[in-house]
Amino acid sequence: MKKILKLLIPIIVIYLIGLLALNSHSIQDRILDIGLKNILSNAKPFLDKEDTLKVIVCGSRSPLPSPGRAEACILVEAGDDIYIFDMGNGSVNNLTQYQLPWPNVQAVLITHMHSDHMADLPDAHLQSWIQGRTEPLKVYGPEGINLVTKGFELAYSADYQYRSNHHGQEMLPMSIAGFNEITITNNELIPNETPGLEILPFVVDHYPVNSAYGFKITYKGRTLVISGDTINDGSVQKYSKDADLLIHSAISIDIVERMRRVAPIPQMDKILFDIQDYHTTIKEAGEIARDANVKHLLIYHSIPTPRNKIMEDVFFRPLDGVFTEYTLSDDGTRVIMPVGTDEIIIDQID
Ligand SMILES: [Zn+2]
Ligand SMILES: [Zn+2]
C-alpha cells in the first residue's frame, strides 16, 4: 500500500501542477503563440524545387453531403504556375489552409455551371485580392460564364466597396475588383505563359447541362485529364489515351439505389433517381482508364462520397477485375509527377 502511495503521490502532484499551469494566462499565451506559429509556418505543399506536374485535390465531394469535405476543386501546378479547375463550396477554405500562394494562380477554369463547381468563386476573388492580385481574377468557363461573373460582381459590389474603403485603395484597389471572364472554345488551347504547358478543353456530355468541358493537361511529357461531370460518351477515353493520370468523377448506382430505398422524403428519392442519368458509373470510369491505357485513376466528385471502409469497398466493387490502379481522393490528396520520369507519387497533405 505504502509503495503504491509513494508512486501515486508524485503523479497526482505533477497532474495538479500541470492543471494549475494550464489555467495560468501567461502559460496559455505561450502555448497559443507556439500553436499559431506552427500553423502558419507549416511546410507549404506548393512550388517544390523539382520540376513537376502536380495535382492537389482541393474539393473531393459531389453535392451529396459528406462531413469535412469540399465540393469539386482540382488544383494543378505546372512548374511555378498554378491553375484551379472548379471551385465548389468549401474549396477556398481548403486552399487557404494549404496556404495557397495566390500570386502564382494564373487562372480559374470552370468545367460547367453547376453550383457545386463554382460556388466559391467570390471567396477566391477575395483571397486573391488580399494577396496582391494585379488584375481582375481570370476565369475561363463555358458559354454563359459572363452571367455568373457579372452576377457575382453585382451581388458583391457593396462588399468590394466596404473592403476597399476599410483596408485602403493601395491594398484592395477597386480598379481590379471583379472578374475577367473568358469563354472556352472546344478544342482550342487555353492561352498561357507557362513554358511547356498545354491545357486543352474538350466537350463532354452532361445533358441537360448546356455546355460542359473536360480538360487534358500536358506539361513537359507528363499528362493528366480531368473529366468534369459527364456520362461515358467516349470523350474522356479519347483524350486520356496513355495519360499518366485520369481524374474522373463517378457514381455508384448500387449505393445510390440503396439510398433511395431509405430516403426520408420523396424529393430526395426523385433527385437520387434523376442524377443517375448524367454521370459516369464507377465501373465505366475503370473501363475508360483500362481501355485508354491510363497509368492511374483518381476518383473525385464521388456520388456518394464513401464515409467509411465498408462504404468504400462497396463503392469500388464494380472495379474488381476491371482496373486496379486507382485511388479514392480526399480533400488534400496530392499527386506528384516529376518531369523526365514516369513516377506517380500520391500522398495526403493534411
Ligand atoms: Zn458536379
Ligand atoms: Zn454537374
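**Group meeting: a predicted model with two zinc ions**

Helix α4 is mostly covered, since seven of its 10 residues are buried. I begin with this helix, and I should say at once that the model before you is predicted. The buried residues of α4 are Leu121, Pro122, Ala124, His125, Leu126, Ser128 and Trp129. What do these residues pack against? Their partners are the helices α3 (91-97), α5 (145-155) and α6 (157-167), together with the strands β4, β5 (137-141) and β6 (179-183). After α4 comes glycine 132, which has a positive phi, near 95°.

Let me now step back to the whole protein. Its secondary structure consists of 11 helices and 14 strands. The C-alpha trace spans about 80 × 55 × 50 Å along its principal axes. The protein has 350 residues, of which 48% count as buried. If we take the contacts between residues at least 6 apart in sequence, 64% of them join residues at least 24 apart.

I turn next to the metal ions, and to ligand 1 to begin with. Which residues coordinate this zinc ion (ligand 1)? They are Asp116 and Asp229, each through OD, and His117 and His301, each through NE2, at 2.1 to 2.2 Å. Along the chain, these donors follow the spacing D-H-x111-D-x71-H. The angles subtended by the four donor atoms run from 88 to 173°, and the arrangement is therefore irregular. Two of these donor residues may be considered for their accessibility. Aspartate 116 counts as buried because its relative accessibility is 4%, and the cut-off is under 20%. Histidine 117, at 0% relative accessibility, also counts as buried.

The zinc ion (ligand 2) has a site of its own. Its coordinating residues are His112 (NE2), His114 (ND1), His206 (NE2) and Asp229 (OD), at 2.2 to 2.4 Å. The spacing of these donor residues in sequence is H-x1-H-x91-H-x22-D. Here too the site is irregular, with angles of 91 to 160° among the four donor atoms. Histidine 114 is found in the loop between β4 (105-109) and α4 (121-130), while histidine 206 is found in the loop between β7 (197-204) and β8 (212-219), so this pair ties together parts that are 92 residues apart in sequence. As for accessibility, histidine 114 is partly exposed, at a relative accessible area of 23%, whereas histidine 206 counts as buried at 1%.

How far apart are the zinc ion (ligand 1) and the zinc ion (ligand 2), and which residue coordinates both? The distance between the two ions is 3.3 Å, and the shared residue is aspartate 229.

I move on to a pair of helices, α8 (residues 253-261) and α11 (residues 309-316). Their axes come within 8 Å and cross at roughly 120°. Why is the pair described as oblique? An angle of 65 to 115 degrees would count as roughly perpendicular and one over 145 as roughly antiparallel; the crossing angle of roughly 120° falls in neither range, and α8 and α11 are therefore oblique to each other. On the α8 side, the residues that meet the partner helix are Asp254, Ile255 and Arg258. On the α11 side, they are Met311, Val314 and Phe315. Sorted by character, the residues of this contact are four nonpolar and two charged, with no polar residue among them.

Helix α8 also holds glutamate 257. This glutamate 257 is partly exposed, with a relative accessible area of 24%. Its C-alpha atom lies 7.8 Å from that of phenylalanine 273, and the two residues are 16 residues apart along the chain.

My last example is valine 57, which sits in strand β1 (residues 52-59). Is valine 57 buried or exposed? Valine 57 counts as buried, because its relative accessibility is 0%. Leaving aside neighbours within four places in sequence, the residues in contact with valine 57 are Cys73, Ile74, Tyr98, Leu298, Ser329, Asp330, Asp331, Gly332 and Thr333. A further distance concerns isoleucine 247, which is 190 residues from valine 57 along the chain. The C-alpha atoms of valine 57 and isoleucine 247 are separated by 9.7 Å.

To close, I return to the metal ions: aspartate 229 coordinates both the zinc ion (ligand 1) and the zinc ion (ligand 2).

Note on methods
Residues numbered from 1 in each chain as written. Chains lettered and ligands numbered in written order. Predicted model: local features only at pLDDT ≥ 70, side-chain atom pairs only at ≥ 80, totals over all residues. Heavy atoms only, no water. Donors = N, O, S within 2.8 Å, 3.2 Å for Na, K, Ca; no water. Tetrahedral: all angles 85-135°; square planar, octahedral: opposite > 155°, others 65-115°. Buried < 20%, exposed > 50% of the residue type's maximum accessible area, 1.4 Å probe, protein only. Helix = DSSP H or I, 4+ residues; strand = E, 2+ residues; numbered from the N terminus. Axes fitted to C-alpha atoms, helices over the stretch in contact; angles between N-to-C directions. Parallel < 35°, antiparallel > 145°, perpendicular 65-115°, else oblique. Contact = heavy atoms within 4.5 Å. Nonpolar A, V, L, I, M, F, W, Y, C, P; charged D, E, K, R; others polar.
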